[in-house]
Number of protein chains: 2
Amino acid sequence: MEVTRKNFKDCLNTVYSALEEADFLAIDGEFSGISDGPNASALTNGLDTPEERYTKLKKHSMDFLLFQFGLCTFRYDQKKSKYITKTFNFYIFPKPFNRSSPDLKFICQSSSIDFLASQGFDFNKVFCHGIPYLNHEEEAQLREQTEERRNQHANGVGTPSYISPSSSKGPAHVPEEHKDFINRMVEKVEALFANSEKTLDLEPCTGFQRKLIYQTLNWKFPKGLHVETIETEKKERYIQISRVDEEERKRREQQKLEREQEELNDAVGFSRVIHAISKSGKLVVGHNMLLDVMHTIHQFYCPLPEDLQDFKEVTMCVFPRLLDTKLMASTQPFKELITYTSLAELEKQLKETPFKPPQVETAEGFPSYDTAQEQLHEAGYDAYITGLCFISMANYLGSFLTPPKAYISARSKLIEPFFNKLFLMRIIDIPYLNLTGPDLQPKRDHVLYVTFPKEWKTSDLYQLFSAFGNIQVSWIDDTSAFVSLSQTDQVQIAMNTSRYAESYKIQTYAEYIQNKQQEKEKLGQTAKSWGEDSWVKPHYASSTTSGFGYPRGLRKRSISPAQGEPGNEDSLITDGWSHYSYPDSTGSKKMKTDAQRIPASLMHQFSLCFLDASGQSSVEAVESKTSEGWLKTTDSSDSAGISPVPDDEENPAGPDPSYDADGTVTWQQASMVQGRKGRKKKKKSEGGFFRALDVYYG
Amino acid sequence: MEVTRKNFKDCLNTVYSALEEADFLAIDGEFSGISDGPNASALTNGLDTPEERYTKLKKHSMDFLLFQFGLCTFRYDQKKSKYITKTFNFYIFPKPFNRSSPDLKFICQSSSIDFLASQGFDFNKVFCHGIPYLNHEEEAQLREQTEERRNQHANGVGTPSYISPSSSKGPAHVPEEHKDFINRMVEKVEALFANSEKTLDLEPCTGFQRKLIYQTLNWKFPKGLHVETIETEKKERYIQISRVDEEERKRREQQKLEREQEELNDAVGFSRVIHAISKSGKLVVGHNMLLDVMHTIHQFYCPLPEDLQDFKEVTMCVFPRLLDTKLMASTQPFKELITYTSLAELEKQLKETPFKPPQVETAEGFPSYDTAQEQLHEAGYDAYITGLCFISMANYLGSFLTPPKAYISARSKLIEPFFNKLFLMRIIDIPYLNLTGPDLQPKRDHVLYVTFPKEWKTSDLYQLFSAFGNIQVSWIDDTSAFVSLSQTDQVQIAMNTSRYAESYKIQTYAEYIQNKQQEKEKLGQTAKSWGEDSWVKPHYASSTTSGFGYPRGLRKRSISPAQGEPGNEDSLITDGWSHYSYPDSTGSKKMKTDAQRIPASLMHQFSLCFLDASGQSSVEAVESKTSEGWLKTTDSSDSAGISPVPDDEENPAGPDPSYDADGTVTWQQASMVQGRKGRKKKKKSEGGFFRALDVYYG
């Protein structure tokens with residue numbers, strides 16, 4: 001369903017009820033551009049830390065406009081054994097609400113615009129009929145303004161009378177040059193009382209004159225009049241005066257109040273949809289959704305915080321359960337079955353064995369999509385396809401059960417390992433951003449940070465390191481790059497040979513990080529000065545680590561036990577073991593052929609630990625809907641706290657990445673290796689679905 | 001006529017011939033926004049210097065896109081006694097030419113977009129079918145790239161063989177992993193020679209593989225083959241090989257050359273129209289056209305220079321004759337007759353007496369506009385209306401002649417005083433930017449520069465200066481403003497009383513300018529560092545005052561005597577007296593009623609001085625087409641040089657502004673006052689049309 005400013009209000013209840021009945025939602029956004037910064041390879045350096053990546057995206061992508069938002073709701077119909085879908089395609093544009101409201105500027109990137117144009121994107125729908133929106137702060141400001149104006153009207157506009165009610169009884173102070181004008185207006189109003197007309201339109205005049213009129217009439221005619229400012233189509237404002245009895249006057253005031261309230265809601269506009277999605281607490285699925293999530297929060301909630309940790313917390317408040325289908329498809333057991341993880345390719349592959357195309361039906365009154373005829377890059381369609389991909393993959397997990405299940409619900413524990421992990425594009429050794437805990441910290445002992453003259457090309461780097469075996473180059477900018485050596489023991493030799501080099505300089509990755517940290521601290525000490533050039537100013541003042549101030553309306557959901565429904569399957573679940581691990585490449589390759597024959601008995605060996613909504617650790621018997629009994633809980637009393645704290649004993653050295661030839665990654669965490677060695681010693685439960693596979697094949 | 005990418009090439013000759021036959025042109029641009037910087041009042045401070053204003057506009061307006069360009073050509077048909085008009089409405093969009101071409105980013109301002117949307121602007125035409133363009137530098141780069149690629153193809157793609165022709169006879173070095181692939185391709189080509197097919201499409205492959213194929217085939221089959229890379233709709237590239245005899249091969253090479261040339265021209269796109277306008281040297285009329293001119297040069301020629309003087313020089317190269325109808329309407333004799341100078345209002349007023357609506361006719365094949373039905377803010381329509389306004393005002397000047405003339409040509413000396421002076425919005429005492437000489441330097445002795453806490457409002461300033469009579473406040477930013485006192489003798493008293501103030505600080509305007517100058521010099525000494533934040537990087541390196549490097553294709557026209565037609569009325573004319581003066585308000589008020597009865601005899605008292613295109617001063621008898629004889633020249637042999645140098649004797653103190661109640665300005669220059677006192681003493685001619693009036697009523 002296409003939703004623009006024209007039909008937004010009429011559609012809103014349809015959206016609300018679709019959200020309410022849904023089992024899960026899929027979303028997608030289209031933007032006016034991707035990056036206004038360095039070239040793509042520098043923006044997405046293969047050895048970015050999650051912090052660096054977040055900072056880059058925040059800096060170089062948030063000034064674009066999210067101008068189309070796709071929402072597809074999926075409700076499972078038990079009788080039909082089918083998902084019923086409702087797709088909405090919202091066109092969004094920050095139309096200024098009034099003359100004093102923010103006049104947003106956004107960047108367009110020619111290539112992105114041209115690409116959307118080639119896909120038949122309708123820019124007129126966006127710019128002429130886009131739904132407006134406000135973020136929390138703007139909404140609060142507008143409500144305040146309205147409240148203030150209302151109070152002023154009630155007390156004579158903006159006069160001291162508001163502060164000192166006694167003086168409101170006196171006449172307004174009319175400057176000499178306006179006395180004639182005001183007297184003329186008063187005469188007109190007096191004439192209104194004398195004749196049979198009910199209303200009188202005064203001539204258009206300045207704001208100051210209107211203020212004088214309001215004050216004078218309030219004093220001269222405290223009763224029997226309704227005074228209102230009306231704006232013409234030409235944006236001229238004039239005062240309309242109506243003769244009314246007290247009852248009529250009250251009725252009109254009430255009407256005006258309601259109208260103002262409605263105008264306010266109109267101004268909040270599309271943000272109401274995002275609020276409703278957020279409030280629903282339902283699983284929100286997206287494909288490669290980090291930018292979608294960042295834009296959504298930035299545009300409809302608050303400017304993004306400086307710090308990644310704060311961003312994670314805000315995100316968990318807005319979207320308590322996210323699932324990224326690109327990450328899912330890049331993870332075992334799908335990784336080995338799926339070659340290309342772009343949305344279009346993924347959708348195609350998931351129609352073929354061993355996957356099954358999902359059973360879906362379009363809800364009545366909604367236009368249906370034909371997946372054979374691609375309509376990619378329309379946000380609504382992309383959201384729909386993303387949902388289909390999720391269903392296919394979720395159901396595939398059901399095939400591992402005994403007996404196999406064809407339908408796996410969005411609430412199933414089977415998909416929880418994929419929750420709140422957002423795919424990180426083109427980072428070699430960190431596959432995802434972990435929203436509910438610390439990120440993976442791969443060892444980068446084999447990585448060197450090299451600076452050199454800007455004339456250097458990749459071939460010069462190959463030349464320089466020719467003695468050290470295969471290398472991998474990740475460009476940072478014109479004059480620096482990371483060079484990954486294939487053997488860590490070569491690092492010291494490379495460092496030694498470079499000691500007296502003049503044209504270039506080599507540092508270890510550790511040194512690089514240390515320098516960066518020092519620079520950051522130095523920067524933090526000097527006062528931040530926003531250059532005159534920063535035309536899009538961050539409104540967000542946040543400390544670097546904690547004490548992140550939530551804007552009004554954003555409350556830390558996971559802390560408030562009142563939110564959610566305790567005891568209900570729907571309540572917020574945080575997986576206590578954010579570092580779930582993956583089988584090593586040998587194991588996973590075996591799995592490709594054998595995965596479907598895992599004996600259920602082996603699956604008993606791992607367990608899940610949940611924290612309840614109040615943040616206390618709890619041990620609950622997982623409801624085993626399917627009665628296979630392979631999901632069991634164990635004692636996890638020592639894993640307290642909301643965010644899992646990295647445990648040095650368990651995770652002494654971080655994951656040890658190993659590269660595939662095609663640049664994708666398989667990785668394993670030291671914790672897993674140790675886990676295999678010393679599983680019996682540990683009390684804390686860890687691992688997950690794939691741990692089971694790992695144990696079997698490990 | 002609507003012109004998009006679809007019909008641009010077909011329309012180009014129509015545009016060219018319209019330009020060629022025209023007597024003058026009118027232009028107008030629509031932008032994606034106006035200002036990304038401070039609020040409008042700070043962007044256009046009433047006491048900006050021309051340098052400050054230029055710097056602000058350059059900084060805060062050039063990142064918007066000029067996406068609709070209106071051109072209306074006016075040709076006077078003597079027989080019909082009518083202007084014949086041709087209107088073009090170009091939609092413009094920087095569609096990237098290929099993968100390596102610049103991916104431009106531009107800013108959109110919500111209020112501007114919303115405004116255009118409300119006027120029925122078609123954004124799809126811009127973004128889906130906009131005509132691409134390149135500036136001079138981009139064009140040069142692209143031509144270079146094409147040339148390079150062509151050379152490489154001729155010599156085996158990008159191999160050292162290009163440098164050392166002897167080695168081009170040897171086989172290409174094919175890395176081990178590609179040998180199989182290349183051998184397979186060679187076999188296919190050999191098969192081509194054996195069978196009856198004429199062409200062979202190889203499978204899509206990487207750029208590196210294509211390079212190997214080119215090199216290998218060049219070496220193995222130096223004759224008899226035509227090898228070409230073709231791009232599919234899906235942007236995949238593959239090699240097509242055709243069996244050809246030598247003649248066919250040459251023909252194809254030639255075809256390819258021509259196709260490349262055409263593609264290049266397509267990429268230059270809309271810039272070709274601007275080049276043609278520039279080359280025509282015709283009078284270009286615009287309304288409030290400073291931003292239009294800046295955007296046009298910035299987008300289609302070169303990034304704007306840092307320095308205002310350099311900008312003036314570039315502008316005179318691109319548009320040797322400009323006329324701003326807003327400036328014209330704000331100047332005597334029109335100022336007193338025209339209340340509102342917005343384009344829509346101006347057009348309305350110029351239909352009424354004493355003006356006459358111009359006689360115009362739409363050329364055959366062009367859609368005609370109905371001025372009764374406003375289509376404002378479509379660039380083509382606005383250009384058309386602007387042209388009409390110019391005609392009405394020009395013809396009105398003819399009514400002063402004896403006998404009066406109903407038609408005044410765009411080449412008439414009568415309109416020359418208005419040449420190359422661009423209206424400056426909302427500057428209290430400097431009405432225009434003078435493109436051909438130094439700008440007016442009004443006295444600002446009565447102006448104070450005040451800094452204060454950011455809580456202050458205008459009322460606080462009124463309070464502070466309550467002892468000093470009426471003041472005028474021009475906000476600079478949150479914490480500073482100019483305060484103009486009504487009496488200059490109060491300035492010192494105000495300065496004295498503020499000496500011990502702590503919360504605020506007062507400086508004279510002279511001090512303010514001096515500090516600013518010092519800061520600028522300080523900045524000039526430290527190396528300019530472009531912040532990481534400046535995503536739109538100026539490509540333009542220019543020194544601060546002189547030595548401005550013109551981009552290729554921009555030649556200083558006024559210096560080259562070869563340009564233009566010497567002796568012809570059309571040749572470049574620079575008025576030697578850039579500071580023409582205006583009657584004081586008393587005189588002009590009288591003129592309002594009496595202007596049409598000025599005896600022609602009095603008009604003899606003033607004269608015009610021209611510089612010819614070579615920069616030498618020349619005395620020429622103005623061709624008096626009308627034989628009224630009231631335009632005569634006098635000796636001006638001492639006024640040499642291209643740019644008029646301010647003459648201290650003539651202009652000792654700058655103009656002395658006097659404010660109208662409505663905020664518009666009448667001003668008179670000290671030179672004029674002196675002129676009246678000591679006219680006889682001066683050899684140098686000065687003044688103009690209005691001087692005559694001034695002398696009469698002075």
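**A four-stranded sheet and a helix pair in chain A**

Strand S15(A) and strand S16 (residues 480-485) of chain A are joined by six bridges and run in the antiparallel sense. Within this pairing, Val473(A) has Val483(A) in S16(A) as its bridge partner. The model is a predicted one, and the description below follows chain A from this strand pair outwards.

The two strands belong to an open sheet of four strands, ordered S15-S16-S14-S17 (chain A), with antiparallel pairing. Strand S15 (471-477) and strand S17 (505-508) of chain A lie at the edges and have a single partner strand each, so one side of each lacks a neighbour in the sheet. On average, and ignoring direction, neighbouring strands of this sheet are turned by 25 degrees against each other. Helix H17 (residues 490-497) of chain A packs on the sheet, where it touches strand S14 (447-451), S16 and S17 of chain A. The direction of H17 makes about 150 degrees with that of S17(A).

A second packing arrangement involves two helices. Helix H1 (residues 8-21) of chain A packs with helix H10 (residues 271-280) of chain A at an angle of about 10 degrees, and their axes are 10 Å apart. Angles under 35 degrees count as roughly parallel, and H1(A) and H10(A) are therefore roughly parallel to each other. On the H1(A) side, the contact is made by Phe8(A), Leu12(A), Val15(A), Tyr16(A) and Leu19(A). These residues meet Arg272(A), Val273(A), Ala276(A) and Ile277(A) in H10(A). By class, the contact of H1(A) with H10(A) comprises eight nonpolar residues, no polar residues and one charged residue.

Notes. Residues numbered from 1 in each chain as written. Chains lettered and ligands numbered in written order. Predicted model: local features only at pLDDT ≥ 70, side-chain atom pairs only at ≥ 80, totals over all residues. Heavy atoms only, no water. Axes fitted to C-alpha atoms, helices over the stretch in contact; angles between N-to-C directions. Parallel < 35°, antiparallel > 145°, perpendicular 65-115°, else oblique. Contact = heavy atoms within 4.5 Å. Nonpolar A, V, L, I, M, F, W, Y, C, P; charged D, E, K, R; others polar. Pairing = 2+ DSSP bridges.
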